[in-house]
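Reader: I would like a close look at one part of this model. Please take me through the helices and how they pack, with the cut-offs spelled out.

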Amino acid sequence: MTNREMIANYNGLIYIQSLEEEHYKRTGEKLFQGRVKITYAIKKNMRELLDKLKPYDESRNEIFAEYRDLDAEKKAEEKLKKKIVTSAEGTAEHEREMKTYNEKVNTLEIIMKPGKDKVEYESKIKELLDIDVADVNIHTISLDQLDGIELDSAQLEPLMFMIEE
């Protein structure tokens, strides 16, 4: 499994946890109620993926430090936050502004250090994402364990890597 796949799978499991939370708020019942093996597998796999991503995180941070002007990026983000978030917390207007802010933060331009090449930076990040990590131990579940749980295909997708064939 590559670093890219591990990141996608970890983010997918976070999505599944958010689905569980939404389901509980909406119905008062747990999405995987009585399915201890499923919740155990999710937690175990999240821990495994985080552990296996530590070298990736360290290397990525080294590349960031070498190529990106993180101080300038932080200042740009703070400037954006001051510009956008003006309404009182808890109001619908504040929620809209925060959504706009988060969308803009996610698309903030990377600020390179003087003399550093963005193409080279992106190449190193891609190379790091494509490294295959051989010893990832995924805890699997059977497809039968998901019987009776209402998940559409998009909601099932994040669990596919851990379903036994």
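Author: What follows is a walk through helix α6, its partners and then helix α2.

First, the ground rules. This is a predicted model, in which local features need pLDDT of at least 70 and side-chain atom pairs count only at pLDDT 80 or more, while totals for chains, interfaces and linings use all residues. Residues are numbered from 1 along each chain as its sequence is written, and side-chain values use heavy atoms, with hydrogens and water left out.

Start with α6. This helix covers residues 118-129. Helices here are DSSP runs (H or I, at least four residues), numbered from the N terminus. The 12 residues of α6 should span 16 Å at 1.5 Å a residue, and its end C-alpha atoms are indeed 16 Å apart. That expected span is 1.5 Å times one less than the number of residues.

Which residues of α6 are buried? They are Y121, I125, L128 and L129. Buried means under 20% relative accessible area, exposed means over 50%, and partly exposed lies in between (1.4 Å probe, protein chains only). Viewed down the axis of α6, the buried residues fall within an arc of 100 degrees, so they line one face of the helix. The arc is taken from the directions from the helix axis to the C-beta atoms. An α-helix has 3.6 residues a turn, so residues three or four places apart point the same way. V119 and E127 are exposed on the other side of α6.

What covers that buried face? The cover includes α1 and α3. Contact here means heavy atoms within 4.5 Å.

Take α3 as the first partner. Helix α3 runs over 54-67. The axes of α3 and α6 come within 11 Å and cross at roughly 180 degrees. The two helices are therefore roughly antiparallel. Angles over 145 degrees count as roughly antiparallel, under 35 as roughly parallel, 65 to 115 as roughly perpendicular and the rest as oblique. Axes are lines fitted to C-alpha atoms, for helices over the stretch in contact, and angles run from 0 to 180 degrees between N-to-C directions.

Now the residues of that contact. From α3 come Y56, S59, R60, I63, F64, E66 and Y67; from α6 come E120, Y121, K124, I125, L128 and L129. By class, the contact has eight nonpolar, one polar and four charged residues. Ala, Val, Leu, Ile, Met, Phe, Trp, Tyr, Cys and Pro count as nonpolar, Asp, Glu, Lys and Arg as charged, and the others, Gly among them, as polar.

Helix α3 has a buried face too. Its 14 residues should span 20 Å at 1.5 Å a residue, which agrees with the 20 Å between its end C-alpha atoms. Y56, I63, F64 and Y67 are the buried residues of α3. They fall within an arc of 100 degrees seen down the axis, so they line one face of α3. E58 and E62 are exposed on the other side. The cover over the buried residues of α3 includes α1, α4 (70-84) and α6.

The second partner is α1, residues 3-27. Helices α1 and α6 pack at an angle of about 75 degrees, with their axes 6 Å apart. They are therefore roughly perpendicular to each other. N3, R4 and I7 of α1 meet K126, L128 and L129 of α6. Three of the residues in this contact are nonpolar, one is polar and two are charged.

Farther along α1 sits E20. E20 and L31 are 11 residues apart in sequence, yet 5.3 Å apart in space, C-alpha to C-alpha. Neighbours within four places aside, E20 is in contact with L31, F32 and T39.

Last comes α2, residues 36-52. Its 17 residues reach 24 Å from first C-alpha to last, close to the 24 Å expected. I38, A41, I42, N45, M46, E48, L49 and K52 are buried. These residues of α2 fall within an arc of 170 degrees, so they line one face. V36 and R47 are exposed on the other side of α2. The cover over its buried residues includes α1 and α3.

Two charged residues on that face deserve a check. E48 counts as buried because its relative accessibility is 15%. K52 is buried at a relative accessible area of 17%. Leaving aside sequence neighbours within four places, E48 is in contact with D135, V136 and N137. On the same terms, K52 touches M6, D135 and V136.
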